Amino acid sequence: MSGQAASPRALLHLLYNSARALDVVQTAREMGLLTALEKGPVTLGELSTQHRLVPGRLYKFLDCLESLGLVQREQTTDALVEARYTAAQGLSAAAEAVVGPHSLERDREKYNWGALYGHLPEVLRGERSMPRDSFDWPPSTPEQVAGFEASMAAGLGPILEVFRTHGSKLWKPGQKLLEVGGGDGTLAARLLEEHAGLTVDVYNLPSTEGLVTHTREKHALGGRLGFVGGDFLHEPLPGGYNAISFVRVLHDWPAETARMLMKAAHAALPSGGRILICEEFRTPERLAAQFFWSYFLMGVDSCVSRLREVQFYLKALTELGFQQPEVLPGPFELVVATKA
């Protein structure tokens, strides 16, 4: 909270104690301590009274949270009960998203990361890889397709937030969106529920059509949610849309493939049409959130999974003939540009 980064030694101490640190954060969340701390400053005495906790033990517990940078302590006397604490802004929401019962990190545990654990020297030398029956890229079996698309749908919260924030700027009644690599259609369905005049077609591999059909029926969207089967690596993108979106798609491919897809969008869009790119841009927070996949995909050479700076996309869009590229802020930034 102070803005001062932990030293390498301090960080390594915390990493070694990661299981215990997670136990502390989960306990604070489940007991309601994070919510109380976010309403602070609150004294240790107040916390111990409200939650019926032993002050001396609570002090040590709060030291653990402070070491993680999640709370800040102010103390002007040596009396434990007078120490005042304040939580980092947004801590409760962050804890729910990362360690809560439906968190993205919990969803990732279903993947066979244990195939690499303890074998990283062999992985780095190219002597060991992720078994293809555990994970293949692109997904090669119906089970892999369904599992991967479910994981992508589970992480849509921050993306929905940025689309919701800028919705009035993005959509006009009667517009049609092509969502390239749109998974099982969950994002499209949520957009359609919030924008009555919008129509969305998901463009994805034919093997995902059944997943989109299920989403359409689940949300009772009828003809407003469509599906176009294809392979963007070998076929042009279909035309007839006011906007084309790439949501967490381009970072999975080499730079030349990402540029090819942006070029394909330019070719498919009419004059005045817009491209929307909501990506894993390279920032310290995104690198942290991406840690699991950076680790897991060391054993999957076919998936690039490269977090690029947003400037890569802005520069490429300008070079490809798009105009007025801009970055709309949010938990996931959204890059928007218009075809002349």
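Helices, of at least four residues, and strands, of at least two, are DSSP runs numbered from the N terminus. The model is predicted.

**Stop 1: the loop with Arg52**

Select Arg52, in the loop between helix H4 (44-51) and H5. Its phi is near 55 degrees, a positive value in a residue that is not glycine. For comparison, most residues other than glycine have a negative phi.

**Stop 2: the three-stranded sheet**

Next select helix H5, residues 55-67, which lies across E2 and E3. The helix runs at about 125 degrees to E2. Now show the strands beneath the selection in your list: they belong to an open sheet of three strands in the order E1-E3-E2, paired antiparallel. Strand E1 (42-43) and strand E2 (71-74) are the edges, each pairing on one side only. E2 and strand E3 (residues 84-87) are joined over four bridges in the antiparallel sense. To see one of the partnerships, pick Glu74 and its bridge partner Arg84, in E3.

**Stop 3: two cis prolines**

Select Gly40 and Pro41. The peptide bond between them is cis, with omega near 15 degrees. Pro41 sits in the loop between helix H3 (33-38) and E1, the latter being an edge strand of the sheet at the previous stop.

Then move to Trp137 and Pro138, also joined by a cis peptide bond, with omega about -5 degrees. Pro138 is in the loop between helix H8 (120-124) and H9. As background, most peptide bonds are trans.

**Stop 4: the second largest pocket**

From Pro138, continue to H9. Which element gives the largest share of the lining of the second largest pocket? H9 does, with five residues. The pocket holds about 500 Å³ of space. The elements that each give two or more residues to its lining are helix H9 (142-154), helix H12 (186-194) and strand E5 (199-204).

Select Phe148, Glu149, Gly181, Asn204 and Val249: of the 31 lining residues, these lie nearest the centre of the pocket. Colouring the lining by residue class gives 16 nonpolar, nine polar and six charged residues.

**Stop 5: the annotated span**

Select residues 175-283. An unreviewed UniProt entry lists them as "domain: O-methyltransferase C-terminal". In the model this span is 30% helix and 24% strand, and its end C-alpha atoms lie 32 Å apart.

**Stop 6: the E9-E10 hairpin**

Finish with strand E9 (residues 322-328) and strand E10 (residues 334-339), which pair in the antiparallel sense over five bridges. The two strands form a hairpin with five residues between them. Pick Phe322 to find Lys339 standing opposite in E10.

Notes:
Residues numbered from 1 in each chain as written. Predicted model: local features only at pLDDT ≥ 70, side-chain atom pairs only at ≥ 80, totals over all residues. Heavy atoms only, no water. 1 Å grid on protein atoms, 1.4 Å probe; cavity = no way out; pocket = protein on both sides within 12 Å on 5 of 7 lines; lining within 4 Å. Points joined across faces, edges and corners; volume = space filled by probe spheres on them. Nonpolar A, V, L, I, M, F, W, Y, C, P; charged D, E, K, R; others polar. UniProt positions renumbered as here; feature names shortened; annotations may be inferred. Pairing = 2+ DSSP bridges. Contact = heavy atoms within 4.5 Å. Axes fitted to C-alpha atoms, helices over the stretch in contact; angles between N-to-C directions.
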